[in-house]
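I opened this entry to keep track of what I looked up in the structure. The notes follow the order in which I went through it.

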Amino acid sequence: MNKPKNITVFIALIALGVLFQSWGFYGHRRINRMAVFTLPPEMIGFYKANIEYVTAHAVDPDKRRYAVEGEAPKHFIDIDHFAKEGEDPFKVMPKYWYEAVNKYSEDTLQAYGIVPWHVANMTRWLTKAFEEKDANKILYLSSNLGHYIADAHVPLHTTENYNGQMTGQKGIHGLWESRIPELTADDYDYLVGRAKYIKSPLNAIWKAVEESHSHLDSVLFIEKDLTRKIPSDQKYAFETRGMSTVRQYSQEFALTYYRRMGDMVESRMRKSIEMVGSLWYTAWVNAGQPNLDELLGKIDHKELQEKEEEERKLLEEKKVKSREHEE
Ligand SMILES: [Zn+2]
């Protein structure tokens, strides 16, 4: 009988599918796509012409997470790990990388996440790509930067209790950032205004992380409260996805949870879009506002495709087990 084995494979595949969704793939793609429309006239032509690329590649960093060593910590920061009871973790943790390394060591920072510093670094790399007028690099870095910015806007990306595993709420990560956007994101208002110049990307992303973290108590408390009120046979439901049947939070539970949180999910998504556009714009301004229309003909589609193929192979060949922190 090989049935048990098949079941194991089946469950593993579902788990993988769930793990790969952050902001749902759906949310990440939407955030990068909508960020294009925040850009000024000098930039929007280039990005609009490549909107399918920046949309599709919004999820690359999550695909890499399980294949590339050192990738995972770029998606989160467990800021509460660093504070003792009653302390404000944002006062305890130095904002600058070298000060933080001095205080905690690089190994510790890598273990508990580095998303703010990674966003600041990527903004610098994107600035350099604009300076070099390297169209391919601009597209690649813009898409990836969008992903990490969006991750920093998710409350559960700022805590050691990232999947409710410390409070008996396992699964809450996917509920908040995948299930809810999937059910509701078509109705969000995506007009967030124009991209703004950000003087200090590092300060801005730290502020975003702090805001995300300030929502954490509500994220956890409301789920706990609903779980107490809604019987578990109504909390979960079986749904057919393609060829398979999966157990997940019922629509009713997810939507009630969503409504109890007010506009939190929508507003974190809107702020993500705003900051993605603003950091693309900031990098371009810092690079001396190169003429992007001239770069339109210089995109090497073959090279982009090869890079894509390379990453796909990497993912297949080398599945490094990383910590299970979800996307
Ligand atoms: Zn991620």
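I began with contacts in the chain. Among those between residues at least 6 apart in sequence, 78% join residues at least 24 apart. The model I am reading is a predicted one.

**Overall make-up**

I looked up the secondary structure and found 17 helices and two strands in the chain. The radius of gyration is 20 Å, close to the 20 Å from the globule rule for 327 residues, so the chain is as compact as a globular protein of that length. Along the principal axes, the C-alpha atoms fill a box of roughly 60 × 50 × 40 Å. I then checked burial: 39% of the 327 residues are buried.

**The nonpolar core**

Which residues have the most contacts inside the largest nonpolar core? I noted Ile31, Val119, Ile149, Val276 and Trp280, in a core of 69 residues. I followed Val276 further. Leaving out residues up to four places away in sequence, Val276 touches Ile31, Asn32, Ala35, Gly146, Ile149 and Ala150. Ile31 and Ile149 are thus partners of Val276 and are also on the list of core residues with the most contacts.

**Helices α10 and α16**

I checked the length of α10, residues 135-152. Its 18 residues should span 26 Å at 1.5 Å a residue, and its end C-alpha atoms are 26 Å apart, which agrees. α10 is mostly covered, with 16 of its 18 residues buried.

I did the same for α16, residues 264-286. For its 23 residues the expected span is 33 Å, and the end C-alpha atoms are 32 Å apart, which agrees. In α16, 17 of the 23 residues are buried, so the helix is largely enclosed by the rest of the structure.

**Ala120 in α9**

I picked Ala120, which is found in helix α9, residues 115-131. Is Ala120 buried or exposed? Ala120 has 20 other C-beta atoms within 10 Å and is therefore buried; the cut-off for buried is 20 or more. Apart from residues up to four places away in sequence, Ala120 touches Pro201, Leu202 and Ile205. I also took the distance to Ala283: the C-alpha atoms of Ala120 and Ala283 are separated by 10 Å, with their positions 163 residues apart along the chain.

**After α16**

α16 is followed by Gly288, whose phi is positive, near 90°. Gln289 also has a positive phi, near 50°, and is a residue other than glycine. Gln289 lies in the loop between α16 and α17. With 13 C-beta neighbours inside 10 Å, Gln289 counts as partly exposed.

Ile299 lies in the loop between α16 and α17. Ile299 is partly exposed, with 17 other C-beta atoms within 10 Å. I listed its contacts, not counting residues up to four places away in sequence, and found Ala135 and Asn136. For Ile299 and Tyr98, 201 residues apart in sequence, the C-alpha to C-alpha distance is 36 Å.

**Helix α17**

I turned to α17, residues 301-317. The 17 residues should span 24 Å at 1.5 Å a residue, and the end C-alpha atoms are 24 Å apart, which agrees. How many of its 17 residues are buried? The count is zero, and α17 is hardly covered.

I took Arg312, which is in helix α17. With 12 C-beta neighbours inside 10 Å, Arg312 counts as exposed. The C-alpha atoms of Arg312 and Ala67 are separated by 9.7 Å, and these residues are 245 apart along the chain.

**The two strands**

I looked at β1, residues 236-241. None of its six residues is buried, so β1 lies largely in the open. β1 pairs with β2, residues 244-249, in the antiparallel sense over six bridges. Phe238 stands opposite Arg247 in β2. The two strands form a hairpin with two residues between them, and Gly242 in the turn has a positive phi of about 60°.

**Ser105**

My last look-up was Ser105, which has a positive phi of about 80° although it is not a glycine. Where does Ser105 lie? I found Ser105 in the loop between α7 (97-104) and α8 (106-112). Ser105 is exposed, with 11 other C-beta atoms within 10 Å.

Methods: Residues numbered from 1 in each chain as written. Predicted model: local features only at pLDDT ≥ 70, side-chain atom pairs only at ≥ 80, totals over all residues. Helix = DSSP H or I, 4+ residues; strand = E, 2+ residues; numbered from the N terminus. Expected span 1.5 Å × (residues − 1). Rg over C-alpha atoms; globule rule 2.2 N^0.38 Å. Contact = placed C-beta atoms within 7 Å. Pairing = 2+ DSSP bridges. Core = buried A, V, L, I, M, F, W, Y, C linked by C-beta atoms within 7 Å.
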